[in-house]
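Subject: A structure to look through

Dear colleague,

I am handing over a structure for you to look at, and below it I have written out what was found in it. Please keep the structure open while you read, so that you can find each residue as it comes up.

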Amino acid sequence: MKTLTNNWTRGQVAKAASLAIVFAVFSASTAHAAQPKGDVFARSTKKTGQITRQAKPAVRFATPTQWFEAVDNAVVKLRPTAADDAILNRPFNQDPERVEKWCDTAAKVASNYRQLARTIRTLPLPNGLGSDVKEYRTLVSDWYDDAALVFEDMIRPRPPANSMEELETQLNDIKQRGQALARSNTDLANLDKSLRKTYKVHRAHYDDALTQYVSRK
C-alpha cells in the first residue's frame with residue numbers, strides 16, 4: 001500500500017476524478033477547494049462574522065394553496081442556478097482553478113440549502129392542513145439539511161488520505177449518502193404530488209434542479 005503524496009497529481013486529480021463519479025449520481029440542486037499543492041479535503045471553512053437581523057413577524061397563510069406556493073417560491077429563490085449546475089458538472093481537467101470554483105459553488109449551494117431548510121421548517125401551517133402536511137414540512141426541511149451536509153462534507157478540511165484505499169472509502173461513503181438522498185427525493189416528490197391533489201393545490205411551477213439532474217442520469 002503506497003502512501004499518497006500531498007500534491008495535485010496524486011491527491012487532487014484522484015479526488016477530482018472520484019467527485020465526477022459522485023456527481024453522476026448526486027449533484028447540484030446542490031468551504032472551498034484545496035490549495036493546488038494540498039489535499040482536496042484541506043480547504044478552510046472558517047465562518048466570518050454574521051450580522052444579526054431583527055426577526056420578521058411570522059407570515060400567516062389563509063389557504064393550503066398559499067402555503068404550498070410559499071414553499072415553491074422559497075425553492076425557486078434558493079435552488080442552484082443554471083450556472084451553478086454547469087460549474088458543478090463540468091470536468092476538472094486537472095485545473096486547480098476549476099476545483100476552486102467547484103468548491104466555492106458547492107459551498108454556496110450548501111448555504112442556500114441550509115437557509116431553505118430553515119425557511120420551510122418555520123412556515124406556519126394554515127387551518128385546514130392536517131398532520132400529513134406537517135410531517136411533509138419536516139421531511140422536506142430535513143432533506144435539504146441532509147443534502148447541504150453532503151456538500152459540506154465534500155469540502156470539509158480533513159487530513160490528507162494516506163492511501164488510495166482510504167480515499168476511496170471516504171468517497172464511497174459520500175456517494176452512498178448521495179444515492180440515498182436521490183431516492184428519498186423521489187419519494188418526497190411523490191408525496192408532494194399526493195398532498196397537492198388531496199388539498200386541491202396546483203403542481204409546482206418548477207422542477208427541482210436535483211430532481212432534474214438525477215432523472216437524466
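Let me begin with a single residue, D146, which lies in helix α5. Please bear in mind throughout that this is a predicted model. The relative accessible area of D146 is 41%, and because the partly exposed class lies between 20% and 50%, D146 counts as partly exposed. Along the chain D146 and L181 are 35 residues apart, yet their C-alpha atoms are separated by 7.8 Å.

The overall picture

How many helices and how many strands does the chain have? There are 7 helices and 0 strands, so that the elements, read from the N terminus on, run α-α-α-α-α-α-α. The chain has 217 residues, of which 43% count as buried.

How α5 packs against α4

Two packed helices are described by the angle between their axes and the distance between the axes. For helix α4, which covers residues 96–121, and helix α5, which covers residues 131–154, the angle is about 160° and the axes are 8 Å apart. Because angles over 145 degrees count as roughly antiparallel, α4 is described as roughly antiparallel to α5. The crossing of these two helices, α4 and α5, is left-handed. If the residues in the contact of α4 with α5 are sorted by class, 16 are nonpolar, 1 is polar and 6 are charged.

One residue of α5 that you may wish to find is S141, which lies in that helix and is buried, with a relative accessible area of 0%. A polar atom of the side chain of S141 lies 3.4 Å from the backbone oxygen of A117.

Aromatic pairs

The count of aromatic pairs, taking ring centres within 6.5 Å, comes to 7. One of them is formed by Y113 and W143, whose ring centres are 6.3 Å apart and whose planes are at 50°; since this angle is neither under 30 degrees nor over 60, the pair is tilted. This pair links distant parts of the chain, with Y113 in helix α4 and W143 in helix α5, 30 residues apart. Are Y113 and W143 buried or exposed? Both residues are buried, and for W143 the relative accessible area is 4%.

W143 also pairs with Y144, and here the ring centres are 5.2 Å apart and the planes are at 90°, so this pair is edge-to-face. Y144 has a relative accessibility of 7%, and because buried means under 20%, Y144 counts as buried. Elsewhere, W67, F68 and Y136 form one aromatic cluster.

How α5 packs against α6

Helix α5 also packs with α6: the axes of α5 and α6 come within 10 Å and cross at roughly 155°. The two helices α5 and α6 are therefore roughly antiparallel to each other, and their crossing is left-handed. In helix α6 you will find I174, which is buried, with a relative accessible area of 3%. The C-alpha atoms of I174 and V150 are separated by 6.6 Å, although these residues are 24 residues apart along the chain.

Two loop residues with positive phi

Most residues other than glycine have a negative phi, and with that in mind two residues deserve a careful look. Where does N93 lie? N93 lies in the loop between α3 (82–89) and α4, and its phi is near 50°, a positive value in a residue other than glycine. With a relative accessible area of 56%, N93 is exposed, because exposed means over 50%.

The other residue is K200, which lies in the loop between α6 (164–198) and α7 (209–215). Phi of K200 is near 55°, again a positive value in a residue other than glycine, and K200 is exposed, with a relative accessible area of 72%.

If you would like a place to start, you could look at helix α5, which holds D146, S141 and W143, and then trace its packing with α4 and with α6.

With best wishes

Terms used: Residues are numbered from 1 along each chain as its sequence is written. This is a predicted model: local features need pLDDT of at least 70, side-chain atom pairs count only at pLDDT 80 or more; totals for chains, interfaces and linings use all residues. Side-chain values use heavy atoms; hydrogens and water are left out. Axes are lines fitted to C-alpha atoms, for helices over the stretch in contact, and angles run from 0 to 180 degrees between N-to-C directions. Helices (H or I, at least four residues) and strands (E, at least two) are DSSP runs, numbered from the N terminus. Angles under 35 degrees count as roughly parallel, over 145 as roughly antiparallel, 65 to 115 as roughly perpendicular and the rest as oblique. A crossing is left-handed if the near helix is turned anticlockwise from the far one by less than a right angle, and right-handed if clockwise. Ala, Val, Leu, Ile, Met, Phe, Trp, Tyr, Cys and Pro count as nonpolar, Asp, Glu, Lys and Arg as charged, and the others, Gly among them, as polar. Rings of Phe, Tyr and Trp (its six-membered ring) pair if their centres lie within 6.5 Å; planes under 30 degrees apart count as stacked, over 60 as edge-to-face and the rest as tilted. Buried means under 20% relative accessible area, exposed over 50%, partly exposed in between (1.4 Å probe, protein chains only). A polar contact is a pair of N or O atoms within 3.5 Å; within protein, one must be able to donate a hydrogen and the other to accept it, and residues adjacent in sequence count only if both atoms are side-chain atoms.
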